[in-house]
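User: Could you walk me through this structure? I have a few questions once it is on the screen.

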Amino acid sequence: MTRIDPNQLLRTMNVLLAPDGGIKSIEEVPRIVQLMQKFSKKLVSKCIYIHILRSSSRDLLEQFLAVEGWDLLNSWFLDAYRNGNLYLCGDLVRLFALCPMTGQRLKADPEKNAAPKILRMLSNDTKIEAEIRNLATQVVSQWIRIARKKELESDYAEIDDIVDDAIDGGSDGAGHSRHLEDVVQDYDADQSEDYVPPTSGSKTKKA
């Protein structure tokens with residue numbers, strides 16, 4: 001079986017993307033989120049979405065996180081960690097390092113906020129390459145500072161609780177959007193061979 005061609009999938013999504021490969025505008029953010037929610041079964045699909053986000057501006061990343069993107073990334077991160085998919089974990093760590101963060105986001109719903117806890121575990125996991133361990137440590141440290149700053153600005157919040165919780169615990173347009181979803185679904189749900197990350201012994205270029 002032939003593998004999915006990432007370049008062909010990117011060409012299909014080109015209408016949503018800027019020339020640099022990131023999200024084109026704030027109007028496209030909800031559509032990107034919907035595609036990620038519906039059609040991200042294959043590893044290659046997830047990796048493409050992650051690299052689109054990594055190429056997007058901080059303002060657009062903030063908008064993405066605010067419209068269910070944060071919950072979606074937490075879900076992907078938790079699944080990747082549970083399944084031992086260290087390649088995808090590494091890609092998500094690189095993305096989290098670019099994501100704007102707020103104390104409110106870290107504080108909200110500890111049940112869903114798996115990212116801080118997983119980042120801390122990855123920072124101490126010797127099976128993870130040093131680059132990702134160090135980056136995970138940096139992100140955790142940054143998020144702790146953000147959570148503490150948020151608490152210092154409030155007379156009613158308790159710093160220790162927040163840090164512990166965060167670290168531990170139109171019709172034409174509609175038709176066009178429907179067509180885009182159909183095409184993306186074809187790539188994500190087909191029976192072709194998924195992308196297989198290179199083994200540790202092979203030589204690959206660093207992203």
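User: Happy to start with a single residue: which residues does Ile132 touch, not counting those up to four places away in sequence?
Analyst: Glad to help, and please keep in mind that this is a predicted model. Ile132 has its place in helix H8, which covers residues 130-152. Leaving aside residues up to four places away in sequence, Ile132 touches Gly90, Val93 and Arg94.

User: Is Ile132 buried or exposed?
Analyst: The cut-off for buried is under 20% relative accessible area. Ile132 has a relative accessibility of 2%, so it counts as buried.

User: How many helices and strands are there in the chain?
Analyst: Read along the sequence, the pattern is α-α-α-α-α-α-α-α-α-α. That fits the count for the chain, which is 10 helices and 0 strands.

User: What share of the chain's residues counts as buried?
Analyst: For the surface side of the picture, the accessible area of the chain is about 11600 Å², with 48% of it belonging to carbon and sulfur atoms. The chain has 207 residues, and the share that counts as buried is 42%.

User: Now the second largest pocket: which helix gives the most to its lining?
Analyst: This pocket holds about 300 Å³ of space. It is lined by 12 residues, and those closest to its centre are Pro6, Val44, Cys47, Ile48 and His51. Helix H1 (6-12) and helix H3 (43-54) each supply at least two lining residues. The one that gives the most, with 5 residues, is H3.

User: And how many residues of that lining are nonpolar, polar and charged?
Analyst: Sorted by class, the lining of the second largest pocket has no charged residues, 3 polar and 9 nonpolar.

Definitions and conventions:
Residues numbered from 1 in each chain as written. Predicted model: local features only at pLDDT ≥ 70, side-chain atom pairs only at ≥ 80, totals over all residues. Heavy atoms only, no water. Helix = DSSP H or I, 4+ residues; strand = E, 2+ residues; numbered from the N terminus. Buried < 20%, exposed > 50% of the residue type's maximum accessible area, 1.4 Å probe, protein only. Contact = heavy atoms within 4.5 Å. Areas by Shrake-Rupley, 256 points an atom, 1.4 Å probe, with all protein chains shown as cover. 1 Å grid on protein atoms, 1.4 Å probe; cavity = no way out; pocket = protein on both sides within 12 Å on 5 of 7 lines; lining within 4 Å. Points joined across faces, edges and corners; volume = space filled by probe spheres on them. Nonpolar A, V, L, I, M, F, W, Y, C, P; charged D, E, K, R; others polar.
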